[in-house]
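Work through the following exercises with the sequence and the structure open beside you. Try each task before you read its solution.

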Amino acid sequence: DAEDLGIDEGDLVRVESRRGAVEMTARCIGNRPGTIFLPFHYGGSGTAANELTLTSWDPVSKQPQFKSGAARVVPAKRT
């Protein structure tokens, strides 16, 4: 997918969802087509992957639903 978007390894990208956006360096490691991965254990306010996810919990396990969601990746604008 990165190649189709004109994104190369090391490029700065913006990952956006309806809930927010974060910017990070792209790693093109061969994920399944149509998927992205962001490490969600790191980052602060405005940079953590959890900024992009739902604020809801599984009704049975009570685990937050931080591990999936719709997002898009675009090259970040250079300043």
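**Exercise 1. Find what serine 17 touches, not counting residues up to four places away in sequence, and decide whether serine 17 is buried or exposed.**

Solution. Begin with the contacts in this predicted model: once residues up to four places away in sequence are set aside, serine 17 touches Leu52 and Ala70. Next, place the residue in the fold, where serine 17 belongs to strand E1. Then turn to its accessibility: the relative accessible area of serine 17 is 15%, and because buried means under 20%, serine 17 is buried. Finally, follow the side chain of serine 17, which reaches the backbone nitrogen of arginine 19 at 3.1 Å.

**Exercise 2. Describe the surroundings of glutamate 16, and explain why glutamate 16 counts as buried.**

Solution. First, locate glutamate 16 in strand E1. Its relative accessibility is 17%, and therefore, with the limit for buried residues set at under 20%, glutamate 16 counts as buried. Second, look for polar partners of its side chain: one polar contact goes to the side chain of arginine 14, at 2.8 Å, and another goes to the side chain of arginine 72, at 2.6 Å. Third, list the residues that glutamate 16 touches when those up to four places away in sequence are not counted, namely Ala21, Ala70, Ala71, Arg72 and Val74. Arginine 72 thus appears both as a polar partner of the glutamate 16 side chain and among the residues that glutamate 16 touches.

**Exercise 3. Compare alanine 21 with alanine 49: in which parts of the chain do they lie, and is each of them buried or partly exposed?**

Solution. Start with the positions: alanine 21 lies in strand E2, whereas alanine 49 is found in the loop between E2 and E3. Continue with accessibility, where alanine 21 has a relative accessible area of 23% and so counts as partly exposed, a class that runs from 20% to 50%. Alanine 49, by contrast, has a relative accessibility of 8% and counts as buried. To finish, set sequence beside space: alanine 21 and alanine 49 are 28 residues apart in sequence, and their C-alpha atoms are 8.5 Å apart. Alanine 49 can also be paired with lysine 67, which is 18 residues away along the chain, with 9.4 Å between the two C-alpha atoms.

**Exercise 4. Say where phenylalanine 66 lies and which residues are in contact with it beyond its neighbours within four places in sequence.**

Solution. Phenylalanine 66 is placed in the loop between E2 and E3, and its relative accessible area of 28% makes it partly exposed. Leaving aside neighbours within four places in sequence, its contacts are Asn50, Thr53 and Leu54. For threonine 53 a distance can be added, since its C-alpha atom lies 5.6 Å from that of phenylalanine 66, although the two are 13 residues apart in sequence.

**Exercise 5. Follow the chain near aspartate 11, and find which residue's backbone nitrogen lies 2.8 Å from a polar atom of the aspartate 11 side chain.**

Solution. Aspartate 11 sits in the loop between helix H1 (2-5) and strand E1 (12-17). The backbone nitrogen in question belongs to aspartate 8. Aspartate 11 and threonine 25 are 14 residues apart in sequence, yet their C-alpha atoms are 5.6 Å apart.

**Exercise 6. Build up a view of the whole chain, its largest nonpolar core and its largest pocket.**

Solution. Step one is the secondary structure, which comes to one helix and three strands in the order α-β-β-β along the sequence. Step two is burial: of the 79 residues in the chain, 18% are buried. Step three is the largest nonpolar core, which has nine residues, including Ile7, Val13, Leu52 and Ala49. Of these, isoleucine 7 touches Ala2, Val13, Ala26, Cys28, Val73, Val74 and Pro75, again not counting residues up to four places away in sequence. Step four is the largest pocket, which holds about 1000 Å³ of space and is lined by 36 residues, with Asn31, Thr35, Ile36, Phe37 and Leu38 nearest its centre. The elements giving two or more residues to this lining are H1, E1, strand E2 (20-25) and strand E3 (72-75). By class, the lining has 21 nonpolar, nine polar and six charged residues.

Notes. Residues are numbered from 1 along each chain as its sequence is written. This is a predicted model: local features need pLDDT of at least 70, side-chain atom pairs count only at pLDDT 80 or more; totals for chains, interfaces and linings use all residues. Side-chain values use heavy atoms; hydrogens and water are left out. A polar contact is a pair of N or O atoms within 3.5 Å; within protein, one must be able to donate a hydrogen and the other to accept it, and residues adjacent in sequence count only if both atoms are side-chain atoms. On a 1 Å grid over the protein atoms alone, a cavity is a set of points where a 1.4 Å probe fits but cannot get out, and a pocket is an open set with protein on both sides within 12 Å along at least five of seven lines; lining residues have an atom within 4 Å of a point. Grid points are joined across faces, edges and corners, and a volume is the space filled by probe spheres set on the points. Ala, Val, Leu, Ile, Met, Phe, Trp, Tyr, Cys and Pro count as nonpolar, Asp, Glu, Lys and Arg as charged, and the others, Gly among them, as polar. A nonpolar core is a set of buried Ala, Val, Leu, Ile, Met, Phe, Trp, Tyr and Cys residues joined through side-chain atoms within 4.5 Å. Buried means under 20% relative accessible area, exposed over 50%, partly exposed in between (1.4 Å probe, protein chains only). Contact means heavy atoms within 4.5 Å.
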